[in-house]
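Colleague: Got a minute to walk me through this model? Pick a place to start and I'll butt in.

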Amino acid sequence: MRKNERIFLGVTAVIMVSVCCVLGLRMLYHNDENVSGPLTPVPETQIPQDQEDTPKPKPVEKTYVNIYFIGQNNNKEEVYKAVNREYDKDVDGSKIKFAVQSLIAGPKQKERAAGVYSEIPSGTRIISITETSDKVVINLNSTFETGGGTESIYKRLYQLIKTAKRNTNKPVYLYIEGNKAEVIGGEGIMLTQPLNDNSLDG
(Lines give C-alpha, C1' and ligand atoms only; values in the text may rest on other atoms or scores of the structure.)
Protein backbone atom coordinates (compact mmCIF):
# COMPACT_ATOMS: atom_id res chain seq x y z
CA MET A 1 0.00 0.00 0.00
CA ARG A 2 1.30 3.35 -0.90
CA LYS A 3 2.22 5.85 1.77
CA ASN A 4 -0.37 8.40 0.58
CA GLU A 5 -3.16 5.82 0.77
CA ARG A 6 -2.23 4.89 4.29
CA ILE A 7 -2.30 8.53 5.34
CA PHE A 8 -5.72 9.00 3.71
CA LEU A 9 -7.15 5.95 5.46
CA GLY A 10 -5.73 7.07 8.79
CA VAL A 11 -7.24 10.52 8.48
CA THR A 12 -10.59 9.01 7.45
CA ALA A 13 -10.58 6.71 10.48
CA VAL A 14 -9.83 9.62 12.83
CA ILE A 15 -12.70 11.62 11.33
CA MET A 16 -15.16 8.70 11.71
CA VAL A 17 -14.12 8.11 15.30
CA SER A 18 -14.61 11.82 16.05
CA VAL A 19 -18.04 11.80 14.44
CA CYS A 20 -19.09 8.73 16.44
CA CYS A 21 -17.90 10.31 19.66
CA VAL A 22 -19.87 13.49 18.96
CA LEU A 23 -23.03 11.54 18.14
CA GLY A 24 -22.59 9.39 21.23
CA LEU A 25 -22.21 12.43 23.46
CA ARG A 26 -25.29 14.05 21.92
CA MET A 27 -27.38 10.91 22.55
CA LEU A 28 -26.07 10.69 26.08
CA TYR A 29 -26.91 14.33 26.65
CA HIS A 30 -30.47 13.94 25.38
CA ASN A 31 -31.02 10.77 27.41
CA ASP A 32 -29.82 12.49 30.57
CA GLU A 33 -32.11 15.44 29.85
CA ASN A 34 -35.12 13.18 29.58
CA VAL A 35 -34.31 11.44 32.83
CA SER A 36 -33.42 14.46 34.89
CA GLY A 37 -36.00 16.86 33.45
CA PRO A 38 -38.63 18.50 35.68
CA LEU A 39 -41.36 16.16 37.01
CA THR A 40 -45.02 17.13 36.52
CA PRO A 41 -46.57 17.56 39.98
CA VAL A 42 -49.65 15.43 40.73
CA PRO A 43 -52.66 17.65 41.43
CA GLU A 44 -53.91 17.29 45.00
CA THR A 45 -57.35 16.30 43.80
CA GLN A 46 -55.82 13.20 42.24
CA ILE A 47 -54.19 12.05 45.45
CA PRO A 48 -56.43 9.39 47.01
CA GLN A 49 -57.60 10.35 50.47
CA ASP A 50 -58.46 8.09 53.35
CA GLN A 51 -62.26 8.02 53.51
CA GLU A 52 -62.16 7.41 57.26
CA ASP A 53 -60.50 10.78 57.79
CA THR A 54 -63.54 12.60 56.35
CA PRO A 55 -66.10 13.26 59.11
CA LYS A 56 -69.55 11.97 58.26
CA PRO A 57 -72.45 14.34 58.92
CA LYS A 58 -74.71 13.23 61.73
CA PRO A 59 -78.29 12.49 60.71
CA VAL A 60 -80.69 15.23 61.76
CA GLU A 61 -83.30 13.92 64.16
CA LYS A 62 -86.75 15.26 63.45
CA THR A 63 -88.96 16.47 66.28
CA TYR A 64 -92.73 16.43 66.18
CA VAL A 65 -95.51 17.99 68.21
CA ASN A 66 -99.01 16.60 68.63
CA ILE A 67 -102.00 18.71 67.64
CA TYR A 68 -105.50 17.57 68.61
CA PHE A 69 -108.29 17.67 66.08
CA ILE A 70 -111.41 15.52 65.82
CA GLY A 71 -111.83 12.36 63.80
CA GLN A 72 -113.05 8.79 64.00
CA ASN A 73 -111.51 5.63 65.39
CA ASN A 74 -111.72 2.18 63.79
CA ASN A 75 -115.21 1.75 65.21
CA LYS A 76 -116.41 4.97 63.52
CA GLU A 77 -116.65 6.65 66.91
CA GLU A 78 -115.80 10.32 67.19
CA VAL A 79 -112.56 10.91 69.11
CA TYR A 80 -109.94 13.57 69.68
CA LYS A 81 -107.28 12.68 67.17
CA ALA A 82 -103.62 13.66 67.53
CA VAL A 83 -101.78 14.56 64.33
CA ASN A 84 -98.05 15.23 63.97
CA ARG A 85 -96.45 18.48 62.96
CA GLU A 86 -92.71 18.60 62.29
CA TYR A 87 -91.12 21.08 64.67
CA ASP A 88 -87.78 22.92 64.43
CA LYS A 89 -87.02 24.93 67.57
CA ASP A 90 -84.50 27.11 65.71
CA VAL A 91 -87.21 28.16 63.24
CA ASP A 92 -90.50 27.74 65.09
CA GLY A 93 -89.48 28.98 68.54
CA SER A 94 -91.37 27.74 71.59
CA LYS A 95 -93.01 24.33 71.23
CA ILE A 96 -96.27 25.42 72.91
CA LYS A 97 -96.51 28.48 70.66
CA PHE A 98 -95.93 26.42 67.55
CA ALA A 99 -98.49 23.83 68.70
CA VAL A 100 -101.23 26.39 69.35
CA GLN A 101 -100.51 28.18 66.07
CA SER A 102 -100.84 24.86 64.24
CA LEU A 103 -104.08 24.10 66.08
CA ILE A 104 -105.64 27.44 65.15
CA ALA A 105 -104.51 27.01 61.53
CA GLY A 106 -106.55 23.81 61.36
CA PRO A 107 -106.06 20.44 59.67
CA LYS A 108 -104.14 20.16 56.43
CA GLN A 109 -105.88 19.20 53.22
CA LYS A 110 -104.77 15.55 53.34
CA GLU A 111 -105.96 15.32 56.97
CA ARG A 112 -109.35 16.73 56.03
CA ALA A 113 -109.54 14.19 53.24
CA ALA A 114 -109.03 11.49 55.89
CA GLY A 115 -112.00 12.80 57.90
CA VAL A 116 -110.13 14.97 60.41
CA TYR A 117 -111.75 18.32 61.29
CA SER A 118 -111.68 21.07 63.90
CA GLU A 119 -114.42 22.79 65.89
CA ILE A 120 -112.33 25.95 66.26
CA PRO A 121 -113.98 28.68 64.13
CA SER A 122 -112.01 29.70 61.05
CA GLY A 123 -111.92 33.36 62.14
CA THR A 124 -110.13 32.57 65.40
CA ARG A 125 -106.94 34.57 65.77
CA ILE A 126 -104.08 34.46 68.25
CA ILE A 127 -103.62 37.86 69.87
CA SER A 128 -100.59 36.70 71.86
CA ILE A 129 -99.00 33.73 73.53
CA THR A 130 -96.91 34.69 76.52
CA GLU A 131 -94.60 32.13 78.08
CA THR A 132 -92.76 32.80 81.34
CA SER A 133 -90.80 30.56 83.66
CA ASP A 134 -93.93 29.49 85.54
CA LYS A 135 -96.90 29.73 83.14
CA VAL A 136 -98.23 30.15 79.61
CA VAL A 137 -101.01 32.60 78.72
CA ILE A 138 -102.90 32.05 75.45
CA ASN A 139 -104.82 35.15 74.42
CA LEU A 140 -107.37 34.59 71.61
CA ASN A 141 -109.90 36.87 69.94
CA SER A 142 -113.63 36.56 70.72
CA THR A 143 -114.33 34.49 67.61
CA PHE A 144 -113.02 31.46 69.49
CA GLU A 145 -116.11 31.39 71.72
CA THR A 146 -118.78 32.23 69.14
CA GLY A 147 -121.06 30.02 67.06
CA GLY A 148 -121.59 26.27 66.88
CA GLY A 149 -123.58 25.72 70.07
CA THR A 150 -122.61 24.18 73.40
CA GLU A 151 -121.28 20.89 72.06
CA SER A 152 -119.02 22.65 69.58
CA ILE A 153 -117.60 24.94 72.28
CA TYR A 154 -116.87 21.97 74.52
CA LYS A 155 -115.02 20.25 71.70
CA ARG A 156 -112.91 23.26 70.75
CA LEU A 157 -111.96 23.84 74.37
CA TYR A 158 -110.87 20.23 74.75
CA GLN A 159 -108.86 20.52 71.54
CA LEU A 160 -107.03 23.49 73.02
CA ILE A 161 -106.59 21.89 76.44
CA LYS A 162 -105.23 18.62 75.07
CA THR A 163 -102.88 20.35 72.62
CA ALA A 164 -101.55 22.76 75.26
CA LYS A 165 -101.01 20.15 77.96
CA ARG A 166 -99.30 17.80 75.50
CA ASN A 167 -96.69 20.40 74.60
CA THR A 168 -95.77 22.02 77.91
CA ASN A 169 -95.49 21.10 81.58
CA LYS A 170 -96.29 24.64 82.69
CA PRO A 171 -99.76 25.79 83.82
CA VAL A 172 -101.70 27.15 80.83
CA TYR A 173 -104.30 29.94 81.04
CA LEU A 174 -106.81 30.99 78.39
CA TYR A 175 -107.63 34.66 77.88
CA ILE A 176 -110.23 36.08 75.50
CA GLU A 177 -109.53 39.60 74.20
CA GLY A 178 -107.09 40.18 77.06
CA ASN A 179 -109.40 38.95 79.84
CA LYS A 180 -109.03 35.72 81.75
CA ALA A 181 -111.73 33.35 80.50
CA GLU A 182 -114.05 32.20 83.28
CA VAL A 183 -117.28 31.83 81.29
CA ILE A 184 -117.16 30.79 77.63
CA GLY A 185 -119.85 31.38 75.00
CA GLY A 186 -123.41 32.61 75.14
CA GLU A 187 -124.43 29.45 76.95
CA GLY A 188 -122.23 30.42 79.89
CA ILE A 189 -119.92 27.40 80.03
CA MET A 190 -117.85 27.64 83.22
CA LEU A 191 -114.10 27.25 82.81
CA THR A 192 -111.70 26.63 85.69
CA GLN A 193 -108.05 27.53 85.21
CA PRO A 194 -105.25 26.66 84.69
CA LEU A 195 -106.47 24.49 81.86
CA ASN A 196 -106.67 20.76 82.55
CA ASP A 197 -108.85 17.76 81.72
CA ASN A 198 -111.27 18.78 84.50
CA SER A 199 -111.59 22.45 83.55
CA LEU A 200 -115.11 21.95 82.13
CA ASP A 201 -116.48 19.71 84.88
CA GLY A 202 -117.68 22.52 87.11
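Modeller: Let's start with a helix pair: the axes of α3 (residues 95–105) and α5 come within 9 Å, crossing at roughly 155 degrees. Axes here are lines fitted to C-alpha atoms, for helices over the stretch in contact, with angles running from 0 to 180 degrees between N-to-C directions. Helices (H or I, at least four residues) and strands (E, at least two) are DSSP runs, numbered from the N terminus.

Colleague: So is α3 roughly parallel or antiparallel to α5?

Modeller: Roughly antiparallel, because of that crossing angle. The cut-offs are under 35 degrees for roughly parallel, over 145 for roughly antiparallel, 65 to 115 for roughly perpendicular, and oblique for the rest.

Colleague: Which residues of α3 and α5 make the contact?

Modeller: On α3 they are Ile96, Ala99, Val100 and Leu103, and on α5 they are Gln159, Leu160, Thr163 and Ala164. Contact means heavy atoms within 4.5 Å.

Colleague: Before we go on, what kind of model is this?

Modeller: It's a predicted model, where local features need pLDDT of at least 70 and side-chain atom pairs count only at pLDDT 80 or more, while totals for chains, interfaces and linings use all residues. Residues are numbered from 1 along each chain as its sequence is written, and side-chain values use heavy atoms, with hydrogens and water left out.

Colleague: Fine. How many helices and strands are in the protein?

Modeller: There are 5 helices and 8 strands. Along the sequence the pattern reads α-β-β-α-α-α-β-β-α-β-β-β-β.

Colleague: And how much of the protein is buried?

Modeller: Buried residues are 30% of the 202. Buried means under 20% relative accessible area, exposed over 50%, and partly exposed in between (1.4 Å probe, protein chains only). The protein exposes about 14100 Å², with carbon and sulfur atoms supplying 52% of that. Those areas come from the Shrake-Rupley method with a 1.4 Å probe, and for residues only the protein chains shown count as cover.

Colleague: What about long-range contacts, what share joins residues at least 24 apart?

Modeller: 51%, taken among contacts between residues at least 6 apart in sequence.

Colleague: Switching to charges. How many salt bridges does the structure hold?

Modeller: It holds 4. The criterion is a side-chain nitrogen of Lys or Arg within 4 Å of a carboxyl oxygen of Asp or Glu. One of them pairs Lys155 with Glu78, at 2.6 Å from N to O. Lys155 sits in helix α5 (residues 149–166) and Glu78 in strand β2 (residues 78–87), so this pair ties together parts 77 residues apart in sequence.

Colleague: Are Lys155 and Glu78 buried or exposed?

Modeller: Lys155 is buried, with a relative accessible area of 12%. Glu78 is partly exposed at 45%.

Colleague: Which other side chain meets Lys155 in a salt bridge?

Modeller: Glu151 does, at 3.3 Å from N to O. Lys155 and Glu151 are 4 residues apart in α5, so about one helical turn separates them. Glu151 is exposed, with 55% relative accessibility. Glu78, Glu151 and Lys155 are linked in a network of salt bridges.

Colleague: And which side chain does Glu111 meet in a salt bridge?

Modeller: That would be Arg85, again with an N to O distance of 2.6 Å. Glu111 is in helix α4 (residues 109–113) and Arg85 in strand β2, so parts 26 residues apart in sequence are tied together. Glu111 is buried at 11% relative accessible area, and Arg85 is buried too, at 7%.

Colleague: Now the backbone. Which peptide bond is cis?

Modeller: The one from Gln193 to Pro194, with omega near 5 degrees. Pro194 is in the segment after β8 (189–190).

Colleague: What about positive phi values, where is Lys76?

Modeller: Lys76 is in the loop between β1 (63–72) and β2. Its phi is about 65 degrees, although Lys76 is not a glycine. Lys76 is exposed, with a relative accessible area of 65%. Glu177 also has a positive phi, near 55 degrees, and is found in the loop between β5 (172–176) and β6 (179–180). Glu177 is partly exposed at 41%.

Colleague: Why flag those?

Modeller: Because most residues other than glycine have a negative phi, and most peptide bonds are trans.
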